[in-house]
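Biologist: I would like a close look at a single part of this model, namely its nonpolar core and the residues that help to build it. Please take the aromatic pairing there with some care, and then turn to any unusual backbone or charged positions.

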Amino acid sequence: MPRIRTTTFRKRKEAGEKITVLTAYDYPSAKLLDECGIDAVLVGDSLGTAVQGRNDTLGVTMDQMLYHTSMVSRAVENAMVIGDMPFLSYQLGAEEAVRNAGRFITEGGAQAVKLEGPVDKFGHSIAAIVQTGIPVMAHIGFTPQSIHQLGGYKVQGRGDQARQQLKEEALGLQQAGCFAIVLELVQQDTAAEITEMLTIPTIGIGAGPHCDGQVLVMHDILGFGPQRTFFKVFGDARGAMETAFCNYIREVREGSFPTEEQGHR
Ligand code: KIV
């Protein structure tokens, strides 16, 4: 199967076929996800909250992101691997943004990068990354790297003014050359209007059913995250692991594992 590319994303939107994206942070889960046929694997900076035990994503570094992106890239053969640019890796100017985006490709083995934020602040950097030949996925609405400014997890794009502002941002990001836009916690009618208006696909997370695709955090769909209304637990991996851990501990303690057959003669 040929690798999923930005052109595949565009064709999917034109054909009305949904685009599937999920996060992964390590080799075995990324390999399984790729084998299941996911379109894109996002090595999200949700690494901070899903894996590192942080309260937010702000402390995640470039080196940590590259370490995890390279594990995922070694596993994935068909899906597009997207590296998520961490806080302060693209906000300080176009030159540094291009250098760090380039590291996701050369050191991380990714095929694209994602970054958060409005076009009026980062449009110049986005255009510079795109001109370097690196596909950029944008991310607007609730942007976790701005959690302190946004005042917590809040739905964005409610009310005429907020809706208009998000629509302008989305259009500006398309003009800057982004190949897709993540809409996070965007009021669903606003998300539908943005999706209708753009030629590039929208990928929703907590943005309702009308986006061109969906993205979620792997640990959330497996039952490891705190429950939120915008995602669904698709399989109780947490429960399966708990059973395996408890059975192992019990069998070792009671002496039923290992048996002589499970040893070497
Ligand atoms: O970091 C991340 O995983 C993300 C997705 C949830 C969109 O940004």
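Modeller: What follows begins with the core and then moves to a buried charge and the backbone. The model is predicted, and the values below are computed from it.

The largest nonpolar core holds 68 residues, and those that touch the most other members are Phe9, Ile129, Ile181, Leu183 and Ile203. Among the elements, helix H4, which spans residues 62-75, gives the most to this core, with five residues. Ile203 shows how these members come together: with its neighbours within four places in sequence left aside, its contacts include Phe9, Ile181 and Leu183, and Ile19, Val21, Met137 and Val215 are also among them.

Phe9 deserves a second look for its ring. The structure holds four aromatic pairs, and in one of them the ring centres of Phe9 and Phe179 are 5.4 Å apart with the planes at 70 degrees, so this pair is edge-to-face. Because Phe9 lies in helix H1 (residues 6-15) while Phe179 lies in the loop between helix H8 (160-175) and strand S6 (180-184), the pair ties together parts that are 170 residues apart in sequence. Both Phe9 and Phe179 are buried.

As for charged positions, Glu116 lies in strand S4, residues 112-116. Glu116 is buried yet has no salt bridge, the nearest side chain of opposite charge being that of Lys114, 4.4 Å away. A polar atom of the Glu116 side chain does, however, lie 2.8 Å from the backbone nitrogen of Gln145. Leaving aside neighbours within four places in sequence, Glu116 is in contact with Gln145 and also with Thr143, Pro144 and Ser146, and its other contacts include Asp45, Tyr90 and His139.

The backbone calls for a word of background: most residues other than glycine have a negative phi, and most peptide bonds are trans. Leu185, in the loop between S6 and helix H9 (188-197), has a positive phi near 50 degrees, and with a relative accessible area of 9% Leu185 is buried. Leu88 likewise has a positive phi, of about 70 degrees, and is placed in the loop between strand S3 (80-84) and helix H5 (94-106); at 43% relative accessibility, Leu88 counts as partly exposed. Finally, the peptide bond that joins Phe257 and Pro258 is cis, with omega about -5 degrees, and Pro258 belongs to the segment after helix H11 (237-254).

Note on methods: Residues numbered from 1 in each chain as written. Predicted model: local features only at pLDDT ≥ 70, side-chain atom pairs only at ≥ 80, totals over all residues. Heavy atoms only, no water. Core = buried A, V, L, I, M, F, W, Y, C linked by side-chain atoms within 4.5 Å. Buried < 20%, exposed > 50% of the residue type's maximum accessible area, 1.4 Å probe, protein only. Helix = DSSP H or I, 4+ residues; strand = E, 2+ residues; numbered from the N terminus. Contact = heavy atoms within 4.5 Å. Phe/Tyr/Trp six-rings, centres within 6.5 Å; stacked < 30°, edge-to-face > 60°. Lys, Arg positive; Asp, Glu negative; His and termini not counted. Salt bridge = Lys/Arg side-chain N within 4 Å of Asp/Glu carboxyl O. Polar contact = N/O pair within 3.5 Å; in protein donor to acceptor, adjacent residues only side chain to side chain.
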